[in-house]
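Got your viewer open? Let's take a short walk through this model, one selection at a time.

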Amino acid sequence: MLAYRFRIYPSKTQQETMLQHMELCRWLYNQLLKAKRENPNLRKYDTQRLIVELKKENPKLNSVYSKVLQMVNHQLWSNLTALKELKKKGHKVGKLRYKTSPNSWKILNYNQSGFKLDEKRKRLHLSKIGEIPIKLHRRIKGKVKGVIIKRTRSGKWYAIFQVEEEPEPLPKTGRAVGIDLGVKHFAVDSDGNAFENPLFLEKSLERIKKLQRQLSKKQKGSKNWEKARVKLAKAYEKLYNQRRDFLHKLALYYVRNYDIIVLEDLGAKNIVENNSSRSFRRRFLDSALKEFVKILSDKAGRAGRRVVFIKSAYTSRTCSRCGFVVEKLKLSDRVFACPKCGVELDRDLNASFNILKKGLDEGLGRPGLPVEGRPLPRVVPYQAVVTGQVFPMKQEAPKRVG
Ligand SMILES: [Zn+2]
């Protein structure tokens, strides 16, 4: 499922109505959760039927489109399932919490029905809300399954279209690549390309730090505090937009150029190697890597490319030429030097060779694969490593949100 995000411009009245609807959704969510807590035997359709009863108790609920209310029930149950999954995996989890604070319900989910997009007039029609101007900056390809209306913390409104994507296979290239993802370089691949974290991210991160400091100096709830809060929220939104853009372009580069893309399974890998500080910067970069994997997988699936995930084990410490495993490699060691065969390589490049090799061994050893494998790339001497190659940013990728 692809998501297309468009800015919408509701009138003041419409904004108020939608905010009221969100509050009613929050109330409903809490009521359903309460009922489930009181009677654990309740099933999804039981709480679904409860909505009818609650409408009698609180007739205001009738002002909200019925499917939007149903989706509140749906959300409750997917939260319950997610919690159960965590418990199964051995995580310590408490009970599902009530949404006690106002404005803690932030979406209106029009699933399957209740919405209509007029592309010519650039209007989105929502049942029980009305017609809202929409900025359609690109064409939606595929079948629209639903629309989620969202208000950001800075007060902007968006319509997020859930679209069932149609496959668009790309011509085969006969090439495979291994990518080492990390926090230091964003990606280093087995063809010797390194993609750094783009500079604008650092700039935006700096600005956010500054705005956070400013906000902390203001008196909470005051006019100046509110101004500073909106400023900060806008900076966050900008940062996430920039990141999304960068990740989509990078993913597009790999999907266009390679039939097989091998990555380490990030779930298993601790990217935050001996990192005690959980700074925003660090968490941001970590989540960027995870988002990249998701975007890449989505794009690859749609283009008929194959993404192979390998278990990360000694990919940094193994010599990609002779297979020797070194005892220790500090994060500060940027060069992999093999005591056995004498090869010297950029450490991430060495890792990317190992990743590719493992992916080809594990993923391509099986019959019936879409493309032929290729011999392992020649080991490039350290001096020849191209780092910091400028990413072809001009290559316009369609903007997508994952
Ligand atoms: Zn070696």
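Start with everything selected and look at how the chain packs. This is a predicted model. Among contacts between residues at least 6 apart in sequence, 69% join residues at least 24 apart. Colour by secondary structure and you should find seven helices and 14 strands. Switch on a surface next: the accessible area comes to about 22300 Å², with 51% of it belonging to carbon and sulfur atoms. Of the 402 residues, 44% count as buried.

**Stop one: the N-terminal stretch.** Select residues 2-39. An unreviewed UniProt entry lists this range as "domain: Transposase putative helix-turn-helix". In the model, the range is 71% helix and 18% strand, and its end C-alpha atoms sit 37 Å apart.

**Stop two: a stacked pair.** There are 11 aromatic pairs in total. For one of them, show Y65 and Y110 as sticks. Their ring centres are 5.5 Å apart and the planes meet at 15°, so this pair counts as stacked. Now trace the backbone out from each ring. Y65 belongs to the loop between helix 2 (44-57) and helix 3 (66-88), while Y110 is in strand 2 (residues 107-111), so the pair ties together parts that are 45 residues apart in sequence. Are they buried or exposed? Y65 is buried at 15% relative accessible area, and Y110 is buried too, at 0%.

**Stop three: an edge-to-face pair.** Move on to Y253 and Y254. Here the rings are edge-to-face, 5.0 Å centre to centre with 75° between the planes. Both Y253 and Y254 are buried. Add F195 and Y258 to the selection, and you have one aromatic cluster made of F195, Y253, Y254 and Y258.

**Last stop: the zinc ion.** Which protein atoms hold the zinc ion? Select the SG atoms of C319, C322, C338 and C341: these are its protein donors, at 2.3 to 2.4 Å. Try the angle tool as well. The four donor atoms give angles of 106 to 114°, and the site is tetrahedral. For reference, the ideal angle for four tetrahedral donors is 109.5 degrees. Along the chain, the donors follow the spacing C-x2-C-x15-C-x2-C. C319 lies in the loop between strand 12 (306-310) and strand 13 (335-337), and C338 in the loop between strand 13 and strand 14 (344-346), so these two tie together parts 19 residues apart in sequence. Turn the surface back on to finish: C319 and C338 are both buried.

Definitions and conventions: Residues numbered from 1 in each chain as written. Predicted model: local features only at pLDDT ≥ 70, side-chain atom pairs only at ≥ 80, totals over all residues. Heavy atoms only, no water. Helix = DSSP H or I, 4+ residues; strand = E, 2+ residues; numbered from the N terminus. Buried < 20%, exposed > 50% of the residue type's maximum accessible area, 1.4 Å probe, protein only. Contact = heavy atoms within 4.5 Å. Areas by Shrake-Rupley, 256 points an atom, 1.4 Å probe, with all protein chains shown as cover. Donors = N, O, S within 2.8 Å, 3.2 Å for Na, K, Ca; no water. Tetrahedral: all angles 85-135°; square planar, octahedral: opposite > 155°, others 65-115°. UniProt positions renumbered as here; feature names shortened; annotations may be inferred. Phe/Tyr/Trp six-rings, centres within 6.5 Å; stacked < 30°, edge-to-face > 60°.
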